[in-house]
Amino acid sequence: MPPSPRTTVRAAAALLPDGLHGPVEVAVDGGRIDAVRPGPDPGDGSLLAPGFVDLQVNGVDDVDVAVADGADWDRLAALLAPTGVTAWLPTLVSRPLDRYGAPLARIAAAALGAAHGAAAPVVLGAHLEGPFLGARLGAHDPRSVVPLDLQWLAALPPTVRLVTLAPEQAGADEAIRELVARGVVVSLGHSGADVATTSAAVDAGARMVTHLFNAMAAVHQREPGIAGAALADDRVVAGLIVDLVHVHPALVRTAFRAKGAAGIALVTDAVAWRAGHLAALEVRLVDGAPRLADGTLAGSALTMDAAVRNAVHVAGVPVADALRAASTTPAEVLGDADRGRIAAGARADLVLLDAERLAVRRTLVGGEVVWEA
């Protein structure tokens with residue numbers, strides 16, 4: 001892909017590493033930020049933030065990442081760009097071990113294409129949500145959930161960037177250490193683990209909890225479980241689905257107050273709800289969220305820009321914190337210093353919003369506009 005031309009992005013305010021500042025102009029050269037400096041106020045109430053990074057996307061609208069191929073990836077990019085997403089992890093829910101090879105190969109091809117093709121939201125790799133889960137399966141097919149297989153994990157391709165597993169699985173700590181040694185981020189989830197088991201997994205190297213409060217035991221005053229352990233441990237980043245269905249706004253606010261923006265990664269856990277299925281299970285949209293026939297939540301129909309708006313306008317989270325949780329924190333979880341910040345040398349992955357409504361006006365990937373209202 002040829003280098004992006006020089007350009008300048010101006011905004012009334014911008015989220016910089018040390019907070020909101022403005023007015024600001026950001027000079028872009030060759031797809032990277034060349035300089036960030038005070039600039040003239042465009043007078044349009046604009047707010048510039050790092051591009052959003054979604055760590056958990058099972059599908060969007062009617063496109064399931066597990067079966068996406070060819071032009072499906074272009075459609076996924078076209079659906080994500082208007083929501084401010086500039087980088088993302090296609091996510092595979094639990095399935096038989098012998099059925100991961102093909103979708104992982106397609107995700108790897110999509111990631112390679114994103115690196116060398118036209119500017120578009122970038123596929124950073126895959127998130128495996130399962131199949132080594134615990135007592136809280138949620139919408140995962142119990143027939144696909146199996147004991148940890150260290151040999152299978154050792155053979156995973158480098159496409160895999162993040163793995164969700166349950167810390168109560170036999171051999172979990174060993175698996176975590178081996179994955180982390182290979183540069184894979186480990187998240188704990190779909191689990192009934194207690195604090196001691198969770199803490200041992202974090203000691204082994206786990207650094208995230210998958211969709212805090214969902215698919216885990218409720219916090220109890222004498223046994224706070226995985227959720228309580230995550231809230232209390234600064235080493236852990238908590239994924240959070242802020243669609244106002246999965247988590248009550250009061251708990252969203254509580255999580256941000258306990259963890260700070262550096263400890264929360266907004267995720268969508270979006271599924272291809274319009275396709276009517278999640279892996280082998282049927283889903284349908286009920287009251288704004290995909291559900292199984294028995295009413296179990298099965299991912300979301302959320303977008304990242306809506307998650308930010310919900311966090312700010314409904315849960316009362318400061319706008320700077322919500323934007324950091326959608327961009328800087330998930331990039332840091334992956335160890336990606338190129339993304340999630342507006343600073344000289346970083347990739348020019350940016351989202352320009354309306355400061356009041358937090359609606360996306362423009363999305364840039366590598367300094368190129370990939371969507372504009």
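Two strands are said to pair if DSSP finds at least two bridges between them. With that idea in hand, the hairpins of this predicted model can be read one step at a time.

A good place to start is the hairpin formed by β23 and β24, which has 2 residues between its strands. Gly366 lies in the turn and has a positive phi of about 55°. Strand β23 covers residues 360-365 and runs antiparallel to β24, with 4 bridges joining them. Two of the facing positions can be looked up in the structure above: Trp371 in β24 is the bridge partner of Thr363, and Val369 in β24 stands opposite Leu364.

On the other side of the story is the hairpin of β22 and β23, in which 5 residues separate the strands. Here Leu358 is in the turn, again with a positive phi, of about 60°. The pairing of β22 with β23 is antiparallel and extends over 4 bridges. Thr363 in β23 appears once more, this time opposite Val351.

These hairpins belong to a wider arrangement. Reading across the open sheet of 6 strands gives the order β3-β2-β6-β22-β23-β24, and the pairing is mixed. Its edge strands are β3 (19-21) and β24 (368-372), each of which pairs on one side only. From one strand to the next, the twist averages 20°. Helix α9, made of residues 319-326, packs on this sheet and touches β2 (13-16), β3, β6 (46-50) and β22 (350-354). The direction of α9 makes about 55° with that of β2. As a general reminder, the strands of a sheet pair through backbone hydrogen bonds, in either a parallel or an antiparallel way.

Another open sheet has 3 strands, in the order β1-β4-β5, with antiparallel pairing. In this sheet β1 (7-11) and β5 (32-38) are the edge strands, each pairing on one side only. Neighbouring strands are turned against each other by 20° on average, direction ignored. Strand β4 (residues 24-29) pairs with β5 over 6 bridges in the antiparallel sense. One facing pair to look for is Val28 with its bridge partner in β5, Ile33.

Next come the helices. Two packed helices are described by the angle between their axes and by the distance between those axes. Helix α4 (residues 172-181) packs against helix α5 (residues 195-204) at an angle of about 25°, and their axes are 8 Å apart. Angles under 35 degrees count as roughly parallel, so α4 is roughly parallel to α5. The crossing of α4 past α5 is right-handed. Which residues in α4 meet Ala200, Ala201 and Ala204 in α5? They are Asp173, Ile176 and Arg177. Sorted by character, the residues of this contact are 4 nonpolar, no polar and 2 charged.

A single residue rounds off the description. Thr328 has its place in helix α10, which spans residues 328-333. Is Thr328 buried or exposed? Its relative accessibility is 14%, and buried means under 20%, so Thr328 counts as buried. Leaving aside residues up to four places away in sequence, Thr328 touches Pro50, Leu323 and Gly340.

How values were computed. Residues are numbered from 1 along each chain as its sequence is written. This is a predicted model: local features need pLDDT of at least 70, side-chain atom pairs count only at pLDDT 80 or more; totals for chains, interfaces and linings use all residues. Side-chain values use heavy atoms; hydrogens and water are left out. Axes are lines fitted to C-alpha atoms, for helices over the stretch in contact, and angles run from 0 to 180 degrees between N-to-C directions. Contact means heavy atoms within 4.5 Å. Angles under 35 degrees count as roughly parallel, over 145 as roughly antiparallel, 65 to 115 as roughly perpendicular and the rest as oblique. A crossing is left-handed if the near helix is turned anticlockwise from the far one by less than a right angle, and right-handed if clockwise. Ala, Val, Leu, Ile, Met, Phe, Trp, Tyr, Cys and Pro count as nonpolar, Asp, Glu, Lys and Arg as charged, and the others, Gly among them, as polar. Buried means under 20% relative accessible area, exposed over 50%, partly exposed in between (1.4 Å probe, protein chains only).
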